[in-house]
Amino acid sequence: MTVARLSSIQIGRIAPLGRDGVPSAFVKSTIDGPVAVKALGLAGDEQADLSVHGGAEKAVYAYPADHYRAWAAEYPHHAVLFVPGGVGENLTIEGWIEADLCVGDVHRVGTTRLQVCQPRQPCFKFALRFDDNRLPRAMVRNGRAGWYYRVLEEGMIRAGDAVELVERPNPGFGFDRLVEIVYSRRATHEEYAAMAEMAGIASGLRHWARSASGTT
């Protein structure tokens with residue numbers, strides 16, 4: 001597996017979003033220089049609604065740079081916003097997409113260790129950012145979800161850092177398949193059973209899988 005690269009880093013402050021001024025930190029600003037990564041996210045990054053955003057298993061949101069070219073081609077009138085940080089991610093990563101990952105992968109970035117634990121589930125704020133209600137449904141359809149990291153080891157990162165795979169506890173369960181399962185809410189009994197015991201998967205997905213597999 002090739003080494004990927006952290007092409008840019010973004011943080012957001014809570015501000016009104018959309019025509020109704022919904023509080024959100026969806027809009028991110030690019031940060032130059034080193035950034036501290038703490039257990040609950042990047043220093044200076046904010047979340048407006050902690051019931052659905054933030055927390056240890058949504059500490060850092062990463063998104064593949066390659067996806068922006070596809071988004072811009074499909075929605076050219078939004079191309080000016082389909083740039084790093086455009087979908088609200090903290091880390092824009094060049095070189096990997098969801099199909100290159102497995103659930104629970106541990107990555108070294110700068111002096112941090114980060115673990116892939118769940119995909120993003122798009123909400124209405126994605127639509128508000130672009131003033132386009134089609135986009136959350138489009139993300140579900142195309143599977144260009146990005147991934148949330150759990151912070152295993154705090155440290156410092158900066159744009160240009162290598163993103164290296166250092167541990168793969170679940171080599172037989174591709175992250176792209178987890179995206180499909182989360183978006184469709186359908187899996188085989190064997191997949192649910194595997195998710196229920198999978199190292200590194202987000203606790204909410206583990207509990208859901210246990211219930212679906214009858215192992216609760």
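1. Val37 and Leu42 of strand β6 are bridge partners. Strand β5 (residues 35–38) and β6 run antiparallel and are joined by 2 bridges; strands are said to pair if DSSP finds at least two bridges between them. The link from β5 to β6 is a hairpin of 2 residues. Helices (H or I, at least four residues) and strands (E, at least two) are DSSP runs, numbered from the N terminus.

2. A note on the source is in order. The model is predicted, so that local features need pLDDT of at least 70 and side-chain atom pairs count only at pLDDT 80 or more, while totals for chains, interfaces and linings use all residues. Residues are numbered from 1 along each chain as its sequence is written, and side-chain values use heavy atoms, with hydrogens and water left out.

3. On its other pairing, β5 is joined to β12 by 3 bridges, and these two strands run antiparallel. Val35 has Ile157 of β12 as its bridge partner. The result is an open sheet of 3 strands in the order β6-β5-β12, with antiparallel pairing. β6 (41–42) and β12 (155–157) stand at the edges, each with a single partner strand, so one side of each has no neighbour in the sheet.

4. Strand β1 (residues 4–12) deserves separate attention. Of its 9 residues, 7 are buried, so β1 is largely enclosed by the rest of the structure. Buried means under 20% relative accessible area, exposed over 50%, and partly exposed in between (1.4 Å probe, protein chains only).

5. Which strands pair with β1 in the antiparallel sense? Strand β8 (residues 91–94) does so over 4 bridges, and Arg5 stands opposite Glu94 in β8. Strand β4 (residues 28–30) pairs with β1 over 3 bridges, with Ser29 of β4 as the bridge partner of Ile11. Strand β13 (residues 162–167) is joined to β1 by 2 bridges, and Ala4 has Val163 of β13 as its bridge partner.

6. The largest nonpolar core has 57 residues, and Leu91 and Tyr149 have the most contacts inside it. Helix α4 (residues 175–184) supplies the largest share of this core, 6 residues. A nonpolar core is a set of buried Ala, Val, Leu, Ile, Met, Phe, Trp, Tyr and Cys residues joined through side-chain atoms within 4.5 Å.

7. Helix α1 (residues 66–74) has four named buried positions: His67, Tyr68, Trp71 and Ala72. These residues cover an arc of only 135° around the axis, which puts them on the same side of α1; the arc is that of the directions from the helix axis to the C-beta atoms. The face turned away from the buried side carries the exposed residues Arg69 and Ala73. An α-helix has 3.6 residues a turn, so residues three or four places apart point the same way.

8. In helix α3 (residues 134–142), the buried residues are Leu135, Pro136, Ala138 and Met139. They cover an arc of only 160° around the axis, which puts them on the same side of α3. Arg137 and Arg141 are exposed and lie on the face turned away from the buried side of α3.

9. What is the volume of the largest pocket? The value is about 430 Å³. The lining has 25 residues, of which Val52, His53, Gly54, Arg120 and Tyr148 lie nearest the centre of the pocket. By class, the lining has 10 nonpolar, 8 polar and 7 charged residues. Ala, Val, Leu, Ile, Met, Phe, Trp, Tyr, Cys and Pro count as nonpolar, Asp, Glu, Lys and Arg as charged, and the others, Gly among them, as polar. A pocket is an open set of points on a 1 Å grid over the protein atoms alone, where a 1.4 Å probe fits, with protein on both sides within 12 Å along at least five of seven lines; lining residues have an atom within 4 Å of a point. Grid points are joined across faces, edges and corners, and the volume is the space filled by probe spheres set on the points.

10. Two individual residues complete the note. Arg186 is found in the loop between α4 and α5 (189–196) and is exposed, with a relative accessible area of 59%. Leu152 has its place in strand β11 (residues 147–153) and is partly exposed, at a relative accessible area of 36%. Leu152 and Ser7 are 145 residues apart in sequence and 21 Å apart in space, C-alpha to C-alpha.
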